Structures are given as structure tokens and as C-alpha cells.
Amino acid sequence: METKIKVLIVDDSELVCNIFSKELAKDPGLEVVGTAPDPIIARDLIAKLKPDVLLLDIEMPKMDGLTFLEQLMAYYPMPVIIVSSIAKEGSAAALRATELGAAEVIAKPGPSYSVKEMTEQLIEKVKAVYRIKDFKPGKRVDASRPVMVRDEERLINSGKIIAIGASTGGIEAITAILTKLPAKMPPILIVQHMPPHFTKIFAERLDSICALEVKEADDKEVLTSGKALLAPGNKHMVLKKNQSGYYVEVKAGPLVMHQRPSIEVLFRSLALYVGKDAVGVILTGAGKDGAEGLLDMKNAGAITIGQDEASSLVYGIPKEAAAIGAVSKVASLDEIPQTIINALEAM
């Protein structure tokens, strides 16, 4: 009999604990072993129940989630998923939580995500973080020396477009890549699975440490060189083209591969409108979102890059993409920035 993944929920809302417990029980591979209304009780339950994955709220009595998380990672590191209200203030704290070692962030059910949608994402994320091998708390990635570029002016005027997709572990991976890229780059479009507001905070942090301009995408925003656009949480981002050039459409829509924003949606639009003038990059994450879209890009003539297993926090999406022949180049996270530059210069 397959061992179930043991989950402990730490949230002062009895309603949230009940909803999550009920929804996780729908999957035969998961077991909620307990709930705790505050970190003090949670600390004792962790020692007693030894859960595999922790769901953690941020605003709680007796001790806030960030303080508890920092202590947990110092003395008992384990996979943690932050359960976030999608308020702007909560999103800033949730981003800080990822710097302290949280593996994932999900939004509580509400106006933006129904219970059904939340459940689809939550189950996938619990299984993803459980598969993390040799779990160690994440470290904030600071700006580092840019890669080598032979001709920056040619690079920025190349007419190419770069698309990047990531899920679990993607915050650190995207940061590691963008901080190494020069300011003079073709337009970059990014999908990272995360809730509303969180994407704006993440984009602002990236913008503060990157040579590139980085921002959360607006609907109908025109693509420009030297700028990276991040898909807003809970919205799909699609590339479009008119007589004036390329722009992005930011829109609502059903979950695709359990996700919104979906990597698949972005990649398919690049395959349709950009073809051989695109570079697609698939990074760490669970599930299959983006694998078939990357194959569409490759079949349309794009150069496609997949993160390798050794440097992926969760080798899920890159593995799926490689298995179907969607990846033309495999590279470690450290190698990917230069691999992107080399691909652009070879096109």
C-alpha cells in the first residue's frame, strides 16, 4: 500500500482548516494528520506527528507565520506551502516567506479562486513539494555579473522574443536568470504560477535588482526591448500581433492544466505568432503545464531550453517537456542565461 503524504494545517481560521482538510481528503494519496490554530500548538504537533508538508498561514495569534517559518527552517527544515490571503500586504509577506524557505504560495478560496480551483492547485502543489529531494531552505538570489554578449545592439534589435515558464521553485530560478541578463535584451514574457498581487510584488522586487526593466503586464501592453513582462496572478497572458507589432492580452479564462496564469497558453501563442524568432525556456515545477506548448514552439522553429534535473527544485515540467521531445537544449540553472544569449546570437 502506497504511503500517504502527511499534511499539517496551521491556520487560526477554523473554516479554512475545515475546507482544506475536506478538499485534501478527496485525494487518496494525501492525509491531513492535524490542524493547529497557532504556531505554538503547531510546534508541538510537528514533533509529535512528523508531517511531510506544512500548510502555513501568515497572520496568526501568539506568533506570526514569518517568525515561525524562520525558526522552523533553522531547526526543523521541511516543505512549507504558504496559505495567503490575496491582499497586497499579505502578498509582500508571502514573498518574504519564499526567501525564508517556503516552497510555494497558494491563495485562500474567495472571489479570485473558487474552492474547486484552489483544490486542483493545492493537491498538485502538496505533491510537488513532497517530492523535493534533500530539502533545504531557499536563499535570496542577489544580482550577479551579467553574461557575455558579443553585440548588445544586435541583440536588442534582433526582433526575437523570449518566453519563460516556471512553477514550484520558479521564484528563485527566474531571479537567478534575470539578474544575469543585460539591460539590452529582446522582450521577455514570463509565467510563474502564483496568486494575484503576489506577481506585482515579485515583479517590483525583480525590477529593483535586475538591469532589465521588469513589471507585471498590463492588458494590451506593447512589447519593447529591454523589458520583461510577468503574467498577473489569476490572469492568462497571451501574445498577440497587429500592424504596429507585438502586444500582450491579459485576460480571464478557465484554468489550463490546473493553472491560471498558464505557461501552456503563453507558449502556444508564441508558436502561433513568433515561430522561429522565439526562444522558449521551461524551468522547475510540478505537473505538465507548458510541456506541450514548448513542443509547439519547437515545431514552429523556436529554440527551446529545459532546466536540468540536478538544478531543478522539482523536476516535473522540464522532465515532461524533455520526454515528448520539446527541449532542444538542456542546461543547468547557472548555464541558462548564457544559453539564452548564445541561442539569440545563433538565430
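These exercises, each with a worked solution, walk through a predicted model of one protein.

The model is predicted: local features need pLDDT of at least 70, side-chain atom pairs count only at pLDDT 80 or more, and totals for chains, interfaces and linings use all residues. Residues are numbered from 1 along each chain as its sequence is written, and side-chain values use heavy atoms, with hydrogens and water left out.

**Exercise 1. The whole protein**

Task: State how many helices and strands the protein has, and decide how its radius of gyration compares with the globule rule.

Solution:
- Step 1. Take the secondary structure. There are 12 helices and 15 strands. Helices (H or I, at least four residues) and strands (E, at least two) are DSSP runs, numbered from the N terminus.
- Step 2. Take the radius of gyration, computed over C-alpha atoms. The value is 20 Å, close to the 20 Å that the globule rule gives for 347 residues, so the protein is as compact as a globular protein of that length. The rule is 2.2 Å times the number of residues to the power 0.38.
- Step 3. Add the box. Along the principal axes, the C-alpha atoms fill roughly 60 × 40 × 35 Å.
- Step 4. Look at burial. Of the 347 residues, 57% are buried. Buried means under 20% relative accessible area, exposed over 50%, partly exposed in between (1.4 Å probe, protein chains only).
- Step 5. Look at contacts (heavy atoms within 4.5 Å). Among those between residues at least 6 apart in sequence, 75% join residues at least 24 apart.

**Exercise 2. Two helices, two buried sides**

Task: Find which residues of helix 3 and helix 10 are buried, and explain why each set shares a side.

Solution:
- Step 1. Start with helix 3, residues 65-75. Its buried residues are Gly65, Leu66, Phe68, Leu69, Leu72 and Met73. They lie on the same side of helix 3 because they cover an arc of only 160 degrees around the axis. The arc is that of the directions from the helix axis to the C-beta atoms.
- Step 2. Turn helix 3 around. The face turned away from the buried side carries the exposed residues Ala74 and Tyr75.
- Step 3. Go to helix 10, residues 291-299. Here Ala291, Gly293, Leu294 and Met297 are buried. Their arc around the axis is only 160 degrees, which puts them on the same side of helix 10.
- Step 4. Find the partners. The buried residues of helix 10 pack against helix 9 (263-273), strand 13 (278-282), strand 14 (303-307) and helix 11 (317-323).
- Step 5. Follow the chain onward. Glycine 301 comes after helix 10, and its phi is positive, near 105 degrees.

**Exercise 3. Backbone exceptions**

Task: Say where asparagine 234, methionine 257 and proline 261 lie.

Solution:
- Step 1. Recall the background. Most residues other than glycine have a negative phi, and most peptide bonds are trans.
- Step 2. Check asparagine 234. It is not a glycine, yet its phi is positive, about 70 degrees. It sits in the loop between strand 10 (227-230) and strand 11 (236-242). Its relative accessibility is 13%, so it counts as buried.
- Step 3. Check methionine 257. It is not a glycine either, and its phi is positive, about 55 degrees. Its place is the loop between strand 12 and helix 9. With a relative accessible area of 34%, methionine 257 is partly exposed.
- Step 4. Check proline 261. It lies in the loop between strand 12 and helix 9. A cis peptide bond joins arginine 260 to proline 261, with omega about 15 degrees.

**Exercise 4. Three residues and their contacts**

Task: Is each of glycine 306, glutamate 249 and lysine 184 buried or partly exposed, and what does each touch? Leave out residues up to four places away in sequence.

Solution:
- Step 1. Place glycine 306 in strand 14. At 2% relative accessibility, it counts as buried. It touches Ile282, Val327, Lys329, Val330 and Ala331.
- Step 2. Place glutamate 249 in strand 12, residues 245-251. Its relative accessible area is 18%, so it is buried. Its contacts are Asp219, Lys220, His236, Met237, Val238 and Lys240.
- Step 3. Place lysine 184 in the loop between helix 7 (170-178) and strand 7 (188-192). At 31% relative accessible area, lysine 184 is partly exposed. It is in contact with Glu152, Glu153, Leu155 and Ile156.
- Step 4. Finish with a distance. Lysine 184 and asparagine 157 are 27 residues apart along the chain, and their C-alpha atoms are separated by 8.9 Å.
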